[in-house]
Amino acid sequence: MSHMVVSHELMAQQEPANIAKAPAKKRGRTAQPKEPKPPKMPKAKPGPKTKPGPKAKPGPKAKPGPKPKKGKEGQEADGTQEKIDKTFKKVKKKRDRFKGMTEDEVMSRTLTDILDYNLDYVIIGINPGLVAAYVGRWFPGHGNHFWKCLFLSGFTDEQLNHMSDTSLPEKYKIGFTNMVARTTPGSKDLSTKELREGALILAEKLKKYKPLIAVFNGKCIYEMFCREMFGKKPKKLDFGLQPHKIPDCEVALYLMPSSSARCAQFPRAQDKVHFYIKLRELRNQLRGVARSDEIQELEYSFDLGLAKEDAKRMAIKEEAYDPGYEAAFGGAYGEGGPEEGQSNGH
């Protein structure tokens, strides 16, 4: 027992000498070993350049899809305000000339003759235009010089307008009629048959009512009438009293410039007043009335160049020759083409 105790004591004394001391722990993170970098690979040498092949043609463009619906004016469907830039265009309002009526509806209307017995003058047009048929009055609009010329030449005591047309037969012995009754946008819409029949109907009206003078409002109207009534177009045509006579009819035929403001030969009202004064003188001569000193034309002169300059300054458009007259006669209306300064009496 004593031997065992001694051995245990000896072992206890020898134990600390044999045990090695552990290293002291450092504070903080333990450093992790770095991974080795991969070795650098040698760069490959570039090969020979290859030529690019032909470019492929682009296929057809896809059609654009439907545009997004807009909400209120100036807004998109999602409520955002539409951007206004240079591409923004104002929508031009379409002019409603006939208060909601279509041209076909207006053309179904006509213009009633204003005729009576014992008239001094019957003013003759070719056929009703759209505005005249819609209004139902003769020579409507500010662009027509008829009413102004009547006043300036002394026919009427005051300046009248188209609303006074029905009062003219009783007060001034003036009536109105057309060669063709059908309403059209232009004279070119009339057929040869309509013009031929219209000339015969006009002759019958003049024979029935027997006015003193039949007044043709424009050269083209009178040329059409002569072609159908006498079989040919006059070679020379001057304004004023005409040498032709309707068979079995004593009515005098008188030609005056078109009352339209677009008449190229006489673009101003004052240029036409001379022919209205001469018409009054013819009436007095045929009635045996002494010439009045109320209106005297001392000297009349007309310069077409000055008239055109004046019309240009006043922004009056000249009216070109209407090819519809040629078409109405199948292209054989006149030999040698239209005469210069022809005006449309439509």
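I began at Lys-173, which I located in the loop between helix 5 (168–172) and strand 2 (174–178). I was working from a predicted model, and I kept that in mind while reading the backbone angles. The phi of Lys-173 came out near 60 degrees, a positive value in a residue that is not glycine. I noted this because most residues other than glycine have a negative phi. I then looked up how much of the residue is covered, and Lys-173 turned out to be partly exposed, at a relative accessible area of 36%.

Next I turned to Asp-248, which I found in the loop between strand 4 (240–241) and strand 5 (252–256). Its phi is likewise positive and near 60 degrees, again in a residue other than glycine. Is Asp-248 buried or exposed? I read a relative accessibility of 78% for Asp-248, and since exposed means over 50%, I entered this residue as exposed.

I then stepped back to the whole protein and recorded its secondary structure, which comes to ten helices and five strands. Of the 346 residues in the protein, 37% are buried. For the surface, I wrote down that the protein exposes about 25,000 Å², of which carbon and sulfur atoms supply 54%.

My last entry concerns contacts along the sequence: taking those between residues at least 6 apart, I found that 69% join residues at least 24 apart.

Methods
Residues numbered from 1 in each chain as written. Predicted model: local features only at pLDDT ≥ 70, side-chain atom pairs only at ≥ 80, totals over all residues. Heavy atoms only, no water. Helix = DSSP H or I, 4+ residues; strand = E, 2+ residues; numbered from the N terminus. Buried < 20%, exposed > 50% of the residue type's maximum accessible area, 1.4 Å probe, protein only. Contact = heavy atoms within 4.5 Å. Areas by Shrake-Rupley, 256 points an atom, 1.4 Å probe, with all protein chains shown as cover.
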